[in-house]
Amino acid sequence: MTGTTTLTLGGLLAALLVLVANLHPWYRGGREMRQLAAFGKGFTGAACAAACPGGILGWAHSHAGGIANGAGQQAGSAATGTTAASSLTRGQLTGLSATGAVVVVVAVVLVVLAYKAAGKADKRRIVGGFFVGSVLLLTAGVAGALSWLPGALNGAGDGVVSAVQGAGLL
């Protein structure tokens, strides 16, 4: 994979700007969880992609960091006149198995279907959630907080395989 797995302060700035842009209307409004649903779907898709060691999902996850680094450095430099190229401690989700990969693909397809059915504003929120999730999961803190995710995906995949085998379908 040729993407970046190192996030800079500029990349973190870009992710935080998108996060704030999505949380601000929710905070100013009724603070109903359904207002965050589209953003959460994108974030969930990003978390699943972050567990992938390669493939198109792993590629999309790793390249979001490069996009964020460039955009954040431009924004930070233009706004403040300083550079934000300092690297942050890297994080990574590891341990996805073949059965967990099945669950990841199904989850991401559900996010894509939600995107296709969404209106213009919710489409932007889903993409924003994916961007923020991918970028933040490059940090040690967020990746560490979600380190349980590959194991949960693997367990869900193992359960699906066991159920299918138990039903005599395999």
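Biologist: Which residue follows α7, and what is the sign of its phi?
Modeller: Gly 168 follows α7, and its phi is positive, near 75°. Helices here are DSSP runs of H or I, at least four residues, numbered from the N terminus. This is a predicted model, where local features need pLDDT of at least 70, side-chain atom pairs count only at pLDDT 80 or more, and totals for chains, interfaces and linings use all residues. Residues are numbered from 1 along each chain as its sequence is written, and side-chain values use heavy atoms, with hydrogens and water left out.

Biologist: Is Gly 168 buried or exposed?
Modeller: Gly 168 counts as exposed because its relative accessibility is 56%; the cut-offs are under 20% for buried, over 50% for exposed and partly exposed in between, with a 1.4 Å probe and protein chains only.

Biologist: Okay, back to the helix. Which residues of α7 are buried?
Modeller: Leu 149, Pro 150, Leu 153, Asn 154 and Gly 157. Viewed down the axis of α7, they fall within an arc of 135°, so they line one face of the helix. That arc is taken from the directions from the helix axis to the C-beta atoms.

Biologist: Why would they line up like that?
Modeller: An α-helix has 3.6 residues a turn, so residues three or four places apart point the same way.

Biologist: Nice. What do the buried residues of α7 pack against?
Modeller: They pack against α2 (37-50) and α4 (98-117), with contact meaning heavy atoms within 4.5 Å.

Biologist: And how far apart are the C-alpha atoms of Gly 168 and Ala 37?
Modeller: Those two atoms are separated by 37 Å, and the residues are 131 residues apart along the chain.

Methods:
Helices (H or I, at least four residues) and strands (E, at least two) are DSSP runs, numbered from the N terminus.
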